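Here are some quick notes to read alongside the structure. Have it open while you go through them.

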Amino acid sequence: MADEIILLDFWPSMFGMKVRIALAEKGLKYEYRDEDLFNKGPLLLEMNPIHKKIPVLIHNGKPICESQIIVQYIDEVWKDKSPLLPSDPYHRAQARFWADYIDKKLHLLGARLWRTKGEEQEANKKEYIECLKLLEGELGDKPYFGGENFGFVDVNLMPYFSWLYVFEIAANFSIEAECPKLITWAKRCMEKESVSTSLPDHQKLYDFFLQLKKWHGIE
């Protein structure tokens, strides 16, 4: 019997995007349900009663929550195709470390970029670029963060680059000028169908961003 896979998500979510990429990498068919986060549906509240957040992967009726945990679950359950985490325990631990760094550091700094102005935004922009330069150093001259193959860190970082257009306009800077190797890496990742079909259009994201600013009362 085929697996029943349902993804509860919200299309602009960086956290949801990584799950979509992982599912696409594994070639898995699933039912996608876009949630209204201002009026959360009963299934989301039932499947994630603790945090009440997306994404939630429902596999044969059982929920898995938190994006990094979901991606690792996908990699473990469907391990015969496109492994995302390295087999070596040390390298696997390193991949988890950088994915955790991305979620905790880059996500916070990105939010600060568009919520602030003036000197505060300039300070946040400097820290954001320093964060990206650190990641660029970790990438080095490798095609992907894990080496020759697209993997766990790449899955976790690409959704943040889908928002890059928004952040560059909001804070008036160019990542390509600051971190050219990361842009080359991102373009390489976008050549993969699993990535390009899982990320929303830049203009659609920017239109959503303008609405987001209104909701937060930011001019």
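The points below take in one strand residue, a helix and an annotated span, and the model is a predicted one.

1. Start with Asp9, which belongs to strand β1 (residues 5–9). Is Asp9 buried or exposed? Asp9 is buried: its relative accessible area comes out at 0%, and the cut-off for buried is under 20%.

2. Next, look at what surrounds that side of the strand. Not counting neighbours within four places in sequence, Asp9 is in contact with Gly16, Met17, Arg20, Tyr32, Arg33, Asp34, Glu35, Ile54 and Pro55. Among these partners, Gly16, Met17 and Arg20 are also on the list of buried residues of α1.

3. Now helix α1, which covers residues 14–25 and has twelve residues. From first C-alpha to last, α1 reaches 17 Å, close to the 16 Å expected at 1.5 Å a residue.

4. Why call α1 largely enclosed by the rest of the structure? Ten of its twelve residues are buried, so that description fits. The buried set includes Lys18, Arg20 and Glu25 as well as Val19, Ile21 and Leu23.

5. Have a look at both ends of α1 too. At its start, a side-chain oxygen of Ser13 comes to within 3.1 Å of the backbone nitrogen of Phe15. After the helix comes Gly27, with a positive phi near 70 degrees.

6. Last, the annotation. An unreviewed UniProt entry lists residues 88–208 as "domain: GST C-terminal". In this model, that span is 78% helix and 0% strand, and its end C-alpha atoms lie 40 Å apart.

Technical notes
Residues numbered from 1 in each chain as written. Predicted model: local features only at pLDDT ≥ 70, side-chain atom pairs only at ≥ 80, totals over all residues. Heavy atoms only, no water. Helix = DSSP H or I, 4+ residues; strand = E, 2+ residues; numbered from the N terminus. Buried < 20%, exposed > 50% of the residue type's maximum accessible area, 1.4 Å probe, protein only. Contact = heavy atoms within 4.5 Å. UniProt positions renumbered as here; feature names shortened; annotations may be inferred. Expected span 1.5 Å × (residues − 1). Polar contact = N/O pair within 3.5 Å; in protein donor to acceptor, adjacent residues only side chain to side chain.
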